Each structure stands twice: as C-alpha cells, then as structure tokens.
Amino acid sequence: MSSRRKRRQNRVGRLCISLIVTMFLAVMSVQILKLYQKDRDYSAKELQLAEELKDEERRQADLSAREEHIQSAEGVVEMAKSRLGLVFPNQIVFKEDKQ
C-alpha cells in the first residue's frame with residue numbers, strides 16, 4: 001500500500017508542478033506580448049518624433065534665411081516699403097483714388 005500512496009503523491013506533486021509551470025508560462029507570455037506592444041508603440045512614436053524634428057529643422061533653416069534677408073540692406077528697404085509705406089526721395093508714387 002505504501003508504494004501506491006507514493007505513486008499517487010508523486011502524480012499529485014507532478015500535476016501541481018506542471019500546473020505551476022503552465023501558469024508561469026501563461027503569465028510570462030502575456031508580459032512578453034505587452035512588451036512587444038509597447039515596443040511597437042515606441043517605434044511609431046520615434047518615427048513621428050523624427051519627422052517632427054526634420055520639420056522643425058527645415059523651419060529653423062527657413063527662419064535663419066529670413067533673418068539674414070531681413071538684416072540685409074535689401075530686406076530693410078523691402079520692409080520699409082511694405083510695412084511703413086516709405087519711398088526713396090527721388091521715387092514717384094502713384095496712388096489709387098478710393099471711390
């Protein structure tokens with residue numbers, strides 16, 4: 001009888017260990033899937049941020065070019081004509097009648 005009891009206890013022990021290992025594998029699989037999802041999300045965010053960085057670098061280059069143009073003599077004259085309505089002393093200005 002003692003050998004039957006040992007066999008039964010061995011079966012129960014093996015079953016418990018198998019159940020614990022199976023649960024551990026299930027939990028680890030879920031965690032791995034969550035990590036893969038986070039990785040995909042971060043990769044997409046990285047691509048989006050890289051695109052935004054390129055856009056901002058282009059914008060910065062445009063602003064630098066505009067700043068150089070505004071600081072040049074030609075840019076100052078253009079700004080004075082467009083915003084302030086100034087003209088050179090020897091320049092003739094024609095204005096429309098507002099009717």
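**Exercise 1. Determine how far apart the mean positions of the positive and negative charges of the chain are.**

Solution. Count Lys and Arg as positive and Asp and Glu as negative, leaving out His and the chain ends. Place each charge at NZ of Lys, CZ of Arg, CG of Asp or CD of Glu. The chain then has 19 positive and 15 negative charges, and their mean positions lie 31 Å apart. The model is predicted: local features need pLDDT of at least 70 and side-chain atom pairs pLDDT 80 or more, while totals for chains, interfaces and linings use all residues. Residues are numbered from 1 along each chain as its sequence is written, and side-chain values use heavy atoms, without hydrogens and water.

**Exercise 2. Decide whether the chain is spread out or a compact globule.**

Solution. Begin with secondary structure, taken as DSSP runs numbered from the N terminus (helices: H or I, at least four residues; strands: E, at least two). The chain has 2 helices and 0 strands. Its radius of gyration is 39 Å, well over the 13 Å from the globule rule for 99 residues, so the chain is more spread out than a compact globule. That radius is taken over C-alpha atoms, and the rule is 2.2 Å times the number of residues to the power 0.38. Along the principal axes, the C-alpha trace spans about 125 × 35 × 15 Å. Buried residues (under 20% relative accessible area; exposed is over 50%, partly exposed in between; 1.4 Å probe, protein chains only) make up 2% of the 99 residues.

**Exercise 3. Find the salt bridges and place their residues.**

Solution. Side chains of opposite charge can pair when their charged atoms come close. The criterion is a side-chain nitrogen of Lys or Arg within 4 Å of a carboxyl oxygen of Asp or Glu. This gives 2 salt bridges. In one, Asp55 and Arg58 meet at 2.7 Å, N to O; the two are 3 residues apart in helix α1, about one helical turn. Asp55 is partly exposed at 35% relative accessibility, and Arg58 is partly exposed at 46%. Another joins Arg59 to Glu56, with the closest N and O atoms 3.5 Å apart. Arg59 and Glu56 are also 3 residues apart in helix α1.

**Exercise 4. Identify the residues of the positive patch on the surface.**

Solution. Take residues with over 30% relative accessible area and no salt bridge, joining like charges within 9 Å and nonpolar side chains (Val, Leu, Ile, Met, Phe, Trp, Tyr) within 5 Å. The positive patch comprises Arg4, Arg7, Arg8 and Arg11. Arg8 sits in helix α1 (residues 2-71) and is exposed at 64% relative accessibility.

Conventions:
Areas by Shrake-Rupley, 256 points an atom, 1.4 Å probe, with all protein chains shown as cover.
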